[in-house]
Amino acid sequence: MRVREAGWRDLAAMAELEARCFPADAWTDATFWSELAQRPRRTYWVAVDETDGSRLVGYAGLDLAGEVADVMTIAVDPARRGAGLGGQLLEVLHEEGARAGAGAMMLEVRADNEPARQLYSRRGYAVVHTRPGYYRLGPGGAAAVDALVMRKELVRP
Ligand SMILES: CC(C)(COP(=O)(O)OP(=O)(O)OC[C@H]1O[C@@H](n2cnc3c(N)ncnc32)[C@H](O)[C@@H]1OP(=O)(O)O)[C@@H](O)C(=O)NCCC(=O)NCCS
């Protein structure tokens, strides 16, 4: 598996994987265009399987806003989960954040997203804030799920 910086040519495959990873609220092609257009402040990374025609199997994005870098998104092909790929992509974001001079990473995750919470907490993120009922679900926003804001300190190179 190789992780490399994303480019315009990855956009269609990223949007296709996004639709499978976030069926309820997937980013559109236009959102990805807008995100990539904000480089170098935004930086996106893709994991490609070189044994399978350079198939795109994961991606992650970062906002480099100065002292704190924000994880914009991270996703792994459902068929490739649980094999360390999410961790690999997250480490790339940490390296990139530290290289850009950030002292900490922050992100937001749904409280009911157990795999993502595991991924983050095992890599040093701690919950610093809860937004009660932040995610409205179902018809008319009947059900609500908390958002957890997590933070990890970085070691600058
Ligand atoms: C979150 C996600 C990126 C993790 O990707 P992954 O490649 O499976 O991650 P890893 O294999 O590196 O596993 C990360 C950790 O989570 C744990 N984990 C994996 N799947 C899990 C599951 N179903 N339930 C609980 N923990 C799980 C693993 O034990 C692992 O811990 P370790 O690194 O100490 O072994 C992936 O599940 C995904 O794409 N989910 C849908 C999109 C999403 O929710 N993104 C996050 C938005 S905030």
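In which loop is Pro40 found? In this predicted model, Pro40 belongs to the loop that runs between α2 (29–37) and β2 (42–49), and the legends below begin there before turning to other views.

**Figure 1. Close-up of Pro40 in the loop between α2 and β2.** The peptide bond that joins Arg39 and Pro40 is cis, with an omega of about 10 degrees. In general, most peptide bonds are trans. Pro40 counts as exposed because its relative accessibility is 69%, and exposed residues are those over 50%. Although Pro40 and Leu64 stand 24 residues apart along the chain, a distance of 8.1 Å separates their C-alpha atoms.

**Figure 2. Close-up of Arg42 in strand β2.** With a relative accessibility of 12%, Arg42 counts as buried, since the limit for that class is under 20%. The side chain of Arg42 is joined to the side chain of Glu35 by a polar contact of 2.8 Å.

**Figure 3. Close-up of Ser54 in the loop between β2 and β3 (55–64).** The phi angle of Ser54 is near 55 degrees, which is a positive value in a residue other than glycine. In general, most residues other than glycine have a negative phi. Ser54 is partly exposed, as its relative accessible area of 46% shows.

**Figure 4. Close-up of the ligand and the backbone atoms beside it, including those of Ala83, Gly84 and Gly86.** A backbone N or O atom of Gly84 lies 2.7 Å from an oxygen atom of the ligand, and for a backbone N or O atom of Gly86 the corresponding distance to a ligand oxygen atom is 2.8 Å. In Ala83, a backbone N or O atom is found 3.2 Å from an oxygen atom of the ligand. Taken on its own, the ligand has 940 Å² of accessible area, of which the protein covers 74%.

**Figure 5. Close-up of the shell of residues around the ligand, which sits in the largest pocket.** Of the 21 residues around the ligand, those that come nearest are Gly82, Gly84, Gly86, Asn113 and Arg122. At least two residues of the shell are supplied by each of β4 (68–76), α3 (85–99), β5 (104–110) and α4 (114–121), and α4 gives the most, with 5 residues. Sorted by class, the shell around the ligand consists of 11 nonpolar, 6 polar and 4 charged residues.

Note on methods
Residues numbered from 1 in each chain as written. Predicted model: local features only at pLDDT ≥ 70, side-chain atom pairs only at ≥ 80, totals over all residues. Heavy atoms only, no water. Near = heavy atom within 4 Å. Polar contact = N/O pair within 3.5 Å; in protein donor to acceptor, adjacent residues only side chain to side chain. Areas by Shrake-Rupley, 256 points an atom, 1.4 Å probe, with all protein chains shown as cover. 1 Å grid on protein atoms, 1.4 Å probe; cavity = no way out; pocket = protein on both sides within 12 Å on 5 of 7 lines; lining within 4 Å. Sits in = over half its atoms within 2 Å of the grid points. Helix = DSSP H or I, 4+ residues; strand = E, 2+ residues; numbered from the N terminus. Nonpolar A, V, L, I, M, F, W, Y, C, P; charged D, E, K, R; others polar. Buried < 20%, exposed > 50% of the residue type's maximum accessible area, 1.4 Å probe, protein only.
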